[in-house]
Each structure stands twice: as C-alpha cells, then as structure tokens.
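This report is meant for a reader who meets the structure for the first time. Please look over the sequence and the model before reading on.

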Amino acid sequence: MIAVQSAPGIPSIPSNAPEHCPGTESDFAGKSDACAGCANQEICASGAPKLPDPALPFIKQRMSTVKHKILVLSGKGGVGKSTFTSQLAWAFAADEDTQTGIMDVDICGPSIPTILGIASEQVHASSSGWSPVYVQDNLGVMSVGFMLPSSKDAVMWRGPKKNGLISQFLKDVDWGDLDYLVVDTPPGTSDEHLSVVQFLKESGIDGAVLITTPQEVALQDVRREIDFCRKVGVRIIGLVENMAGFVCPNCKNKSQIFKPTTGGAKKLAEETGVELLGSVPLDPRIGKSADYGVSFLDEYPDSPASTAYLEIIERIKNILEE
C-alpha cells in the first residue's frame with residue numbers, strides 16, 4: 001500500500017512520486033511513461049486500495065493551535081506578493097497580543113527572509129520540533145532560505161522533495177499558539193499550491209488573498225488562480241491590486257505606470273464576483289524597505305501606500321472574524 005494525500009479535484013500523488021505523476025486515482029496510474037522506474041508503479045497499476053498520507057494526523061495536531069490560516073497567491077511573479085505577505089504579517093503583529101507566523105513555501109525563490117531582515121538566521125531544532133526564526137517576539141518565520149549554505153545557492157528540486165519539505169514545515173515546526181499563519185506561495189498553481197491545500201485539508205484553510213497588478217498580462221494569470229481556488233475548494237478572501245499608480249514621495253501626486261488597459265483589478269473583481277480588497281499605489285520606498293528588511297508601514301506611515309495597506313488588512317481581519 002502507498003500513502004497518498006488528496007483534496008477535491010486534485011490528483012492523489014504519493015510523496016515519493018516522480019515528476020508528471022498522473023495520480024494514483026487516474027486511469028493511467030502505473031501505466032504512463034512518467035511511471036517508469038517509480039517504486040509505486042506495480043501497486044498503482046494493480047488498483048489496490050490507497051492509504052491516507054501518514055503525515056496528515058500530525059499536521060492536523062500541529063495546526064490545531066493555529067486560529068487562522070491564510071494563503072497569499074499570485075498567478076504572475078513580480079507583482080508584490082511576498083511584499084504584501086510581509087506587510088500583512090507585520091500589521092497583524094503590531095498588536096503585541098497577536099501571535100503571527102509566516103510559512104514561506106516559495107521554495108525556489110525564498111525572498112521572505114530578506115524582506116523581513118532575517119536572511120542571515122538559521123533554523124534550530126528542539127525537543128518539540130524546528131523552531132521558527134523570530135522577527136520579533138510575536139512574529140515567527142519558517143523558510144527554506146534559512147537552510148541554504150548561501151543566498152546564491154539554487155534550489156533545484158522536483159515535486160516530491162518540495163512536497164516533503166512543506167509537510168515538514170507543517171508538522172515538524174513548533175509554531176505554538178498562533179492567531180494567524182500566513183502562507184507565502186510561489187507564482188502559479190503548481191506543486192507547492194497543491195501540497196499546501198492537500199496537507200491542510202483536514203485542518204482547514206480560512207481563505208486566500210490574490211495579488212495582481214493592473215495590466216492585463218498579470219490579470220490573465222490571476223483568472224487562472226481564481227479557477228484553481230474554486231476547483232480545490234479554497235475560499236477567496238479577496239483581490240489586492242499592487243502598483244496601482246505611482247505616488248511621488250515629495251509632492252504625493254499620483255500617475256499611472258502600469259495602465260489598466262482592460263479595467264484592472266476592479267473590472268476583474270466585477271467579472272468574477274471576487275471582492276476587491278483595495279489598490280496599493282507604487283512607492284519606491286516599498287522596495288527600499290524590502291531590501292533593508294524593515295517594515296514599510298512603520299517606516300513610512302504617512303505614505304498613501306501605507307494607508308491603502310492598512311485599509312486592506314483591516315478588511316481581511318473583518319472578513320476572517322465574520
């Protein structure tokens with residue numbers, strides 16, 4: 001018997017499966033070209049009953065102390081997803097009584113440690129599991145970025161190894177009691193996204209925040225992200241439009257850099273029935289804050305971008321408490 005994990009509409013894939021595995025419930029299980037040489041090929045082809053993933057009970061137990069679990073998704077890279085994740089977490093943690101965690105599953109491009117100013121830190125193990133790296137007393141982070149010998153080292157992993165690390169982040173990290181766990185994902189709808197949804201199926205995901213920019217090339221991929229969420233049963237909290245105009249730090253005037261030629265996030269929200277949580281204007285100091293690992297909200301509270309961030313985050317809090 002092989003251990004698999006599944007969620008509605010997602011193929012069940014063993015944790016040690018090769019790339020392009022068709023899934024154990026597929027008619028091609030054990031028979032496709034991708035199955036050649038796989039340790040599970042014979043049993044998949046036999047149609048024998050499948051066992052649930054043995055990690056799921058441990059994940060459920062670990063996640064039982066996490067009140068809210070939020071995914072931050074984007075169809076396109078470079079739209080400010082990880083930056084938004086960090087600002088969201090910093091805003092949550094601004095309340096000293098609110099315990100917040102960030103789980104960075106952007107395994108091939110882990111930027112969260114740099115954005116939060118903890119890139120030089122390492123993960124430590126204790127009797128209760130891996131300890132998150134703490135930005136402050138109530139904001140802990142786990143990322144593969146802490147495990148690399150150098151920030152220049154490439155992570156060249158196939159799906160099964162990525163799945164294994166995400167499972168470890170969920171079941172082996174001593175998250176403790178959290179009010180919010182924010183999961184920063186890579187662009188797209190691939191292995192990491194499927195793994196998170198599968199592993200958290202029993203624990204429950206409160207919803208996903210989708211990040212885009214105004215131009216059609218980004219909106220196209222967000223449409224696919226919306227379709228992904230609906231197919232796997234993840235609630236969409238709302239849509240955030242980053243880089244919605246440029247605000248001059250001196251005169252505070254706003255101009256369009258990425259023109260919303262097809263109506264931007266507002267039109268997309270109307271077409272898909274997804275709530276537009278808000279639009280964040282470009283401010284060059286956002287990038288500067290990310291490079292230096294400091295909170296933009298704390299450094300530049302008077303920026304129109306900070307005002308937009310805080311209004312969006314307050315709306316997310318309200319939706320989660322409804």
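The text below describes a helix pair and then the cysteines.

This is a predicted model, in which local features need pLDDT of at least 70 and side-chain atom pairs count only at pLDDT 80 or more, while totals for chains, interfaces and linings use all residues. Residues are numbered from 1 along each chain as its sequence is written, and side-chain values use heavy atoms, with hydrogens and water left out.

Helix α6 (residues 191-199) and helix α7 (residues 216-232) have axes that come within 12 Å and cross at roughly 30°. Because angles under 35 degrees count as roughly parallel, α6 is roughly parallel to α7. The contact (heavy atoms within 4.5 Å) is made by His-193, Leu-194 and Val-197 of α6 together with Glu-225, Phe-228 and Val-232 of α7. By class, that contact of α6 with α7 has four nonpolar, one polar and one charged residues.

Helix α6 is mostly covered, since seven of its nine residues are buried, where buried means under 20% relative accessible area with a 1.4 Å probe and protein chains only. The buried residues of α6 include His-193 and Val-197, both of which also take part in the contact with α7.

Two cysteines count as buried, with these values:

| Residue | Relative accessibility |
|---|---|
| Cys-35 | 8% |
| Cys-38 | 17% |

A disulfide is a pair of cysteine sulfur atoms within 2.5 Å, and by this rule the count comes to zero disulfides.

Key: Axes are lines fitted to C-alpha atoms, for helices over the stretch in contact, and angles run from 0 to 180 degrees between N-to-C directions. Helices (H or I, at least four residues) and strands (E, at least two) are DSSP runs, numbered from the N terminus. Angles under 35 degrees count as roughly parallel, over 145 as roughly antiparallel, 65 to 115 as roughly perpendicular and the rest as oblique. Ala, Val, Leu, Ile, Met, Phe, Trp, Tyr, Cys and Pro count as nonpolar, Asp, Glu, Lys and Arg as charged, and the others, Gly among them, as polar. Buried means under 20% relative accessible area, exposed over 50%, partly exposed in between (1.4 Å probe, protein chains only).
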